[in-house]
Amino acid sequence: MAFHPARQTVAEPAPASFCVLGMAESVHWVSLALMRAVRAQGFRTTGLMPVARDAQWRHGRWHSARVARLQAASSFDFPASALCTAPVPDPAVTAAPPRFDPEAVAESYAALATWTDVVVVDGVGDPDAALAPGFTLADLAQSLGLPVIVVCEDDAAALQASCALVKRCRARGLRVAGWVQVGQHPQACAAGIPRLGVLPRDDLQQPGVAACHVDAARLIEALGPATP
């Protein structure tokens, strides 16, 4: 079912920023759709990617298609370095893997939050994989104090994995605000959290189109107001 919410014409409290987690590449595309949906409601929005695993060096600088999409979906023309602090390092300088610095990410998040109403943390990747020794994407959401939205594919195994992820998030004290399903056949989540949309796979890589399948009003209600 597609939703076509009208743009807000009156000032309302901004919803909380949030982190999108899941087990597949679709996390990135859902993050973009959620950014578009929130922005269409009149809120200044941007994205933050903890690690750009797809980054490549070209002509003396790094480029990430994922970060470029976050830039395009943002309300402001932020430089890529503001939206991602851990690209692939310059191979001419070091062959080491990208160094993830939780403090640098927290500083970027704080800076972006001063310019925008909502920061969407694009947590594409395994939520339990280490970004740094003893530090995962779920730890990042916890350190930033953000609610989580879980992305789920539309098969039984993925639903089971997503429910397990919800339980792990709750066990560490994270608030799971809702979930977004990718696929054609709506399912119920046994974890008892609201479904915020069903995004057809054919529309997923068109964020503006995919955003029409997000129930933006329910999303904002589920997030709750931002904490001052």
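Which residue just after α1 takes a positive phi? In this predicted model, the residue is glycine 42, with a phi of about 100 degrees. The helix that precedes this glycine, α1, covers residues 26-40. At 1.5 Å a residue, its 15 residues should span 21 Å, and the C-alpha atoms at its two ends are 21 Å apart, so the expected and computed values agree. Helix α1 is mostly covered, with twelve of its 15 residues buried. The buried set consists of Ser26, Val27, His28, Trp29, Val30, Ser31, Leu32, Ala33, Leu34, Met35, Ala37 and Val38. In an α-helix, residues three or four places apart point the same way, because there are 3.6 residues a turn.

Strand β8, residues 148-153, is likewise mostly covered, and six of its six residues are buried. In a regular strand the side chains alternate between the two faces of the sheet. On one side of β8 are Val148, Val150 and Cys152, on the other Ile149, Val151 and Glu153, and both sets are buried. The strand has pairing partners in β1 and β9. With β1, residues 18-22, β8 pairs in the parallel sense over four bridges, and leucine 21 stands opposite valine 150 of β8. Six bridges join β8 to β9, residues 176-182, and these two strands also run parallel. In this second pairing, valine 151 stands opposite valine 180 of β9. Between β8 and β9 the chain passes through helix α6, residues 156-171, in a β-α-β crossover that is right-handed.

A search of the whole structure gives six salt bridges. One of them joins the side chains of glutamate 25 and arginine 66, at an N to O distance of 2.5 Å. Glutamate 25 belongs to the loop between β1 and α1, whereas arginine 66 is in helix α2, residues 65-73, so this contact ties together parts that are 41 residues apart in sequence. Glutamate 25 is partly exposed, at a relative accessible area of 36%, while arginine 66 is buried, at 14%.

Another salt bridge is formed by the side chains of arginine 44 and aspartate 117, with 3.0 Å from N to O. Arginine 44 lies in the loop between α1 and β2 (45-48), and aspartate 117 in the loop between α4 (102-115) and β5 (118-122); the pair therefore ties together parts 73 residues apart in sequence. Arginine 44 is partly exposed, with a relative accessible area of 38%. Aspartate 117 also counts as partly exposed, at 22% relative accessibility, because the cut-off for a buried residue is under 20%.

Arginine 172 forms a salt bridge with aspartate 139, in which the closest N and O atoms are 2.4 Å apart. Arginine 172 is located in the loop between α6 and β9, and aspartate 139 in helix α5, residues 137-144, so parts that are 33 residues apart in sequence are tied together by this pair. The relative accessible area of arginine 172 is 28%, and the residue is partly exposed. Aspartate 139 counts as buried, at 16% relative accessibility. In addition, Glu153, Asp154 and Arg201 are joined into one network by salt bridges that share partners. Within this network, Glu153 is also one of the buried residues of β8.

Definitions and conventions
Residues numbered from 1 in each chain as written. Predicted model: local features only at pLDDT ≥ 70, side-chain atom pairs only at ≥ 80, totals over all residues. Heavy atoms only, no water. Expected span 1.5 Å × (residues − 1). Buried < 20%, exposed > 50% of the residue type's maximum accessible area, 1.4 Å probe, protein only. Pairing = 2+ DSSP bridges. Right-handed = clockwise from strand over helix to strand, strands pointing away. Salt bridge = Lys/Arg side-chain N within 4 Å of Asp/Glu carboxyl O.
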